[in-house]
Amino acid sequence: MLLNSRVTQAGWSKMAGGTAVTVHLPEPAQAGAKPSVLAQDLVVDGEITSLGPVDLRGTVTGQVRAPDILIAPTGAITGAATAYDLTIQGQVSGTIEAQNVMLSSTAIVRADVTHERIAIEPGAQLEGQLKRQR
């Protein structure tokens, strides 16, 4: 639960239980960076961290952290997604922390979402708390 929070250049600073915790968001992806593609038949149980974009078409149980994450219609995360730019066309259950979040019409999200900017297309399904950070 966020009690007090603020955005810094490095990320968000949260106060929980009297202790400051900083959430460091990845920097934006470099222009022209090639994405790491996680295929539709791939199932990952654990943590994925990338310095470049991630195109998730498979399933991850755990955490995905990258500057730019695209969760394709066949993609799913159960756990946490942390990104600068996050586009969801598939499913996420858990927590989301991103500067910019885009939920497409096919998105199914059951997560608490911490964001600076969010766009939700008609048809997207969202269940959870939205927390806007500035």
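Read along the sequence, the chain follows the pattern β-β-β-β-β-β-β-β-β-β-β-β. In this predicted model, the protein has 12 strands and zero helices. Among contacts between residues at least 6 apart in sequence, 14% join residues at least 24 apart. Buried residues account for 37% of the 134 residues. The accessible surface comes to about 7,200 Å², and carbon and sulfur atoms contribute 50% of that area.

The confidence of the prediction bears on how the model may be read. The average pLDDT of the protein is 86, and 83% of the residues score at least 70. Over residues 1-10, however, the pLDDT is below 50, although this stretch has 26 contacts in the model beyond near neighbours in sequence. Where pLDDT is low, the predicted coordinates should not be read in detail.

The pairing of the strands towards the C-terminal part of the numbering can be followed from β9 onwards. Strand β9 pairs with strand β10, residues 108-120, in the parallel sense over 12 bridges. Within this pairing, I96 has V113 of β10 as its bridge partner. Strand β10 also pairs with strand β11, residues 125-127, again in the parallel sense, over three bridges. Here I108 has Q125 of β11 as its bridge partner. A further three bridges join β10 to strand β12, residues 130-132, and these two strands run parallel. In β12, K131 stands opposite T114.

The nonpolar interior comes next. In soluble globular proteins, nonpolar side chains tend to be buried together. The largest nonpolar core of this model has 23 residues, of which I71, I77, L86, I88, I96 and V109 touch the most other members. The elements that give two or more residues to this core are β6 (54-56), β7 (59-71), β8 (76-88), β9 and β10.

Two of these core residues show how the strands meet. I71 is found in strand β7. With a relative accessible area of 0%, I71 is buried, because the limit for that class is under 20%. Leaving aside residues up to four places away in sequence, I71 touches L56, A76, I77, L86, T87, I88, Q89, G90, Q91 and V92. The C-alpha atoms of I71 and A107 are separated by 8.9 Å, with their positions 36 residues apart along the chain counted as the sequence separation. I96, under the same exclusion of residues up to four places away, touches A81, L86, I88, V101, V109, A111, D112, V113 and T114.Strand β9 also contains residues whose surroundings can be compared with that interior. What does G94 touch, not counting residues up to four places away in sequence? The contacts of G94 are G79, R110, A111 and D112. G94 is found in strand β9, and at 33% relative accessibility G94 counts as partly exposed, because this value falls between the 20% and 50% limits. The C-alpha atoms of G94 and A81, 13 residues apart along the chain, are separated by 8.2 Å.

Further along the strand lies N100, which is found in β9, a strand that spans residues 91-103. Is N100 buried or exposed? Its relative accessibility is 16%, so N100 counts as buried. The side chain of N100 is joined to that of D85 by a polar contact of 2.7 Å. Beyond residues up to four places away in sequence, N100 touches Y84, D85, L86 and R117. L86 is thus a contact of N100, and L86 is also listed with the residues that touch the most other members of the largest nonpolar core.

The final site is a loop position. A29 is found in the loop between β3 (19-24) and β4 (36-38). At 27% relative accessibility, A29 counts as partly exposed, because the value lies between 20% and 50%. Which residues does A29 touch, not counting those up to four places away in sequence? The contacts of A29 are P53, P67 and D68. The C-alpha atoms of A29 and G52 are separated by 5.7 Å, and the two residues are 23 residues apart along the chain.

Conventions. Residues are numbered from 1 along each chain as its sequence is written. This is a predicted model: local features need pLDDT of at least 70, side-chain atom pairs count only at pLDDT 80 or more; totals for chains, interfaces and linings use all residues. Side-chain values use heavy atoms; hydrogens and water are left out. Helices (H or I, at least four residues) and strands (E, at least two) are DSSP runs, numbered from the N terminus. Buried means under 20% relative accessible area, exposed over 50%, partly exposed in between (1.4 Å probe, protein chains only). A polar contact is a pair of N or O atoms within 3.5 Å; within protein, one must be able to donate a hydrogen and the other to accept it, and residues adjacent in sequence count only if both atoms are side-chain atoms. Contact means heavy atoms within 4.5 Å. pLDDT is the predictor's confidence in each residue, from 0 to 100. Two strands pair if DSSP finds at least two bridges between them. A nonpolar core is a set of buried Ala, Val, Leu, Ile, Met, Phe, Trp, Tyr and Cys residues joined through side-chain atoms within 4.5 Å. Accessible areas come from the Shrake-Rupley method with a 1.4 Å probe; for residues, only the protein chains shown count as cover.
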